[in-house]
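Here is a walk through the model on your screen, one neighbourhood at a time. Keep the viewer open and follow along.

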Amino acid sequence: MTPSRGQVFTYDRLNRLTEARAGIFNASKQVALAEPRESWTLDDLGNISGLAYYGTSNVIQHTTNATNEISSLATANPSGDPMIVFDNFNADTLDDTWSTTKGTFTVTDGTDPDKLKATALDGTTSTAVEVMAENTLEDGAFILKVKFPSGTTSGRAGFVFGHDGSDTYHAVVLRKNGGTDTLEVAKYTSGAGWGSTLDSSTGTVTANTEYTLCGWVRQKAVYAKLDGQNVDFTYNSSTFFGAGKVGVVTTVANTTFDDFTYLQITPQKPLRRA
Ligand SMILES: [Ca+2]
C-alpha cells in the first residue's frame with residue numbers, strides 16, 4: 001500500500017470541526033512529518049476562543065462577539081512557510097513515510113545520534129537513496145543538513161527531487177572531487193548513472209563537517225545554496241522537472257543527513273527559511 005497525501009479531521013463531542021491536518025499519510029492513514037494544520041478551540045456556544053495555524057497559536061488573531069461574529073481579524077507574522085515534510089530524525093526508528101530504494105539507512109548510531117545515516121551503499125549503483133513515499137511533490141523548497149564521514153575525498157551527497165520510483169531523479173548535492181569541492185545539480189538515470197553536471201558553484205566542503213543545503217525547485221528552474229558560504233546558483237532547464245518523490249542520496253557510506261525539510265512555496269513567497 002502506498003501512502004499518499006491527504007487530510008485528517010478531528011471533531012469534538014458536538015461533532016464540530018476542531019482540527020484539520022494535511023500532509024503525507026503513513027501506513028495508519030495519519031498525517032506524518034508534516035506541519036500544515038489548522039485548529040479551533042470552541043466554547044459551548046460555538047464561539048471560537050482559540051485558533052492555531054501551522055501549529056502556531058495566534059498566527060491569525062481575531063476576536064468574536066457573543067453571537068460568534070468575528071469583530072476583528074489580524075494576521076501576525078507566521079514563523080515561516082508550512083513544512084510539507086520535516087523530519088529531525090530524533091525518533092529511534094525511521095517514519096514509515098520514508099522508503100529506502102538503494103543501500104541501507106539507520107537513524108540511530110552511537111557517534112551520530114538522531115541523524116539519518118547511510119550505513120551501506122547499494123553494490124550495483126554505489127548509491128544509497130532514501131525517499132518519501134509520496135510521488136507527486138513538485139515546486140517546493142528544501143533545507144537539508146549533510147555531513148560526509150571523516151576521510152572522504154570524493155563523492156556526492158544531498159537532496160533528491162523528481163524521483164520516479166525507478167531510480168531516475170535529479171539531485172542537488174555537495175560534491176568532493178579530488179581537490180575541488182562543489183555544490184551542483186545533476187541527473188541520475190536508472191541503468192546509466194550520473195549525467196554530466198548541469199550547474200555548479202565552487203565552495204569548501206570538509207569531511208566530518210555538517211553543512212546546510214537549501215534552495216527551491218520551481219517548474220524549469222532549480223536554485224541551490226550552500227548556507228554560510230557565497231556558493232549558489234540558479235539552473236534553468238529546457239524542460240519541466242515535473243513531479244516525483246523527494247529524499248536524500250549519497251555515494252559515500254556513513255554520510256549523515258539531518259533536519260530534512262520540504263516546504264510549500266508560491267511565486268509570491270520565495271524561500272524565507274535558512
Ligand atoms: Ca536530528
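Strand β12 (residues 116-120) and strand β24 (residues 256-264) run antiparallel and are joined by two bridges. That is enough to call them paired, since two strands pair if DSSP finds at least two bridges between them. Strands here are DSSP runs of E with at least two residues, helices are runs of H or I with at least four residues, and both are numbered from the N terminus. Across this pairing, lysine 117 of the chain stands opposite threonine 256 in β24. Strand β12 also has a partnership with strand β11 (residues 104-106): three bridges join these two, again antiparallel. There, phenylalanine 105 has alanine 118 in β12 as its bridge partner.

Before going further, a word on what you are looking at. This is a predicted model, in which local features need pLDDT of at least 70 and side-chain atom pairs count only at pLDDT 80 or more, while totals for chains, interfaces and linings use all residues. Residues are numbered from 1 along each chain as its sequence is written. The pLDDT is the predictor's confidence in each residue, from 0 to 100; its mean over the protein chain is 84, with 85% of residues at 70 or more. Take care with residues 267-274, where pLDDT stays under 50 and the model has 16 contacts beyond four places in sequence. Two residues are in contact here if their C-beta atoms, placed from the backbone, lie within 7 Å.

Now the whole chain. It has 24 strands and zero helices. Of its 274 residues, 37% are buried. Buried means that 20 or more other C-beta atoms lie within 10 Å of the residue's own, exposed means 12 or fewer, and partly exposed is anything in between, with C-beta atoms placed from the backbone. Among contacts with a separation of 6 or more, 55% are between residues 24 or more positions apart.

What sits in the largest nonpolar core? It has 60 residues, of which Ile24, Leu144, Phe159, Val160, Ala171 and Leu213 touch the most other members. At least three residues come from each of domain 1 (5-75) and domain 2 (85-264), bounds that come from an automatic or database domain assignment. A nonpolar core is a set of buried Ala, Val, Leu, Ile, Met, Phe, Trp, Tyr and Cys residues joined through C-beta atoms within 7 Å. In soluble globular proteins, nonpolar side chains tend to be buried together. Alanine 171 makes a handy starting point: beyond four places in sequence, its contacts are Gly158, Phe159, Val160, Ala186, Tyr188 and Val249.

Valine 248 is another good one to click on. It lies in strand β23 (residues 245-250) and counts as buried because it has 25 C-beta neighbours inside 10 Å. Past four places in sequence, valine 248 touches Leu116, Glu130, Leu144, Phe159, Val160, Phe257 and Phe260.

Three other spots are partly exposed. Threonine 234, in strand β22 (residues 231-236), has 14 other C-beta atoms within 10 Å and, leaving aside neighbours within four places, contacts Ala221 and Tyr223. Alanine 20, in strand β2 (residues 17-25), has 15 such atoms within 10 Å; with the same neighbours left out, it contacts Gln7, Phe9 and Glu38. Glycine 242 belongs to the loop between β22 and β23, has 15 C-beta neighbours inside 10 Å, and contacts Glu138 and Gly162 beyond four places in sequence.

Some C-alpha separations to check in your viewer:

| Residue pair | Residues apart along the chain | C-alpha separation |
|---|---|---|
| threonine 234 and valine 222 | twelve residues | 5.7 Å |
| alanine 20 and threonine 10 | ten residues | 6.6 Å |
| valine 248 and glutamate 130 | 118 residues | 5.4 Å |
| glycine 242 and aspartate 139 | 103 residues | 8.3 Å |

Finally, the backbone oddities. Which phi does phenylalanine 89 have, positive or negative? Its phi is positive, about 55°, although the residue is not a glycine. Phenylalanine 89 sits in the loop between β9 (83-87) and β10 (98-102) and is buried, with 25 other C-beta atoms within 10 Å. Aspartate 114 also is not a glycine and has a positive phi of about 60°. Its place is the loop between β11 and β12, and aspartate 114 counts as partly exposed because it has 15 C-beta neighbours inside 10 Å.
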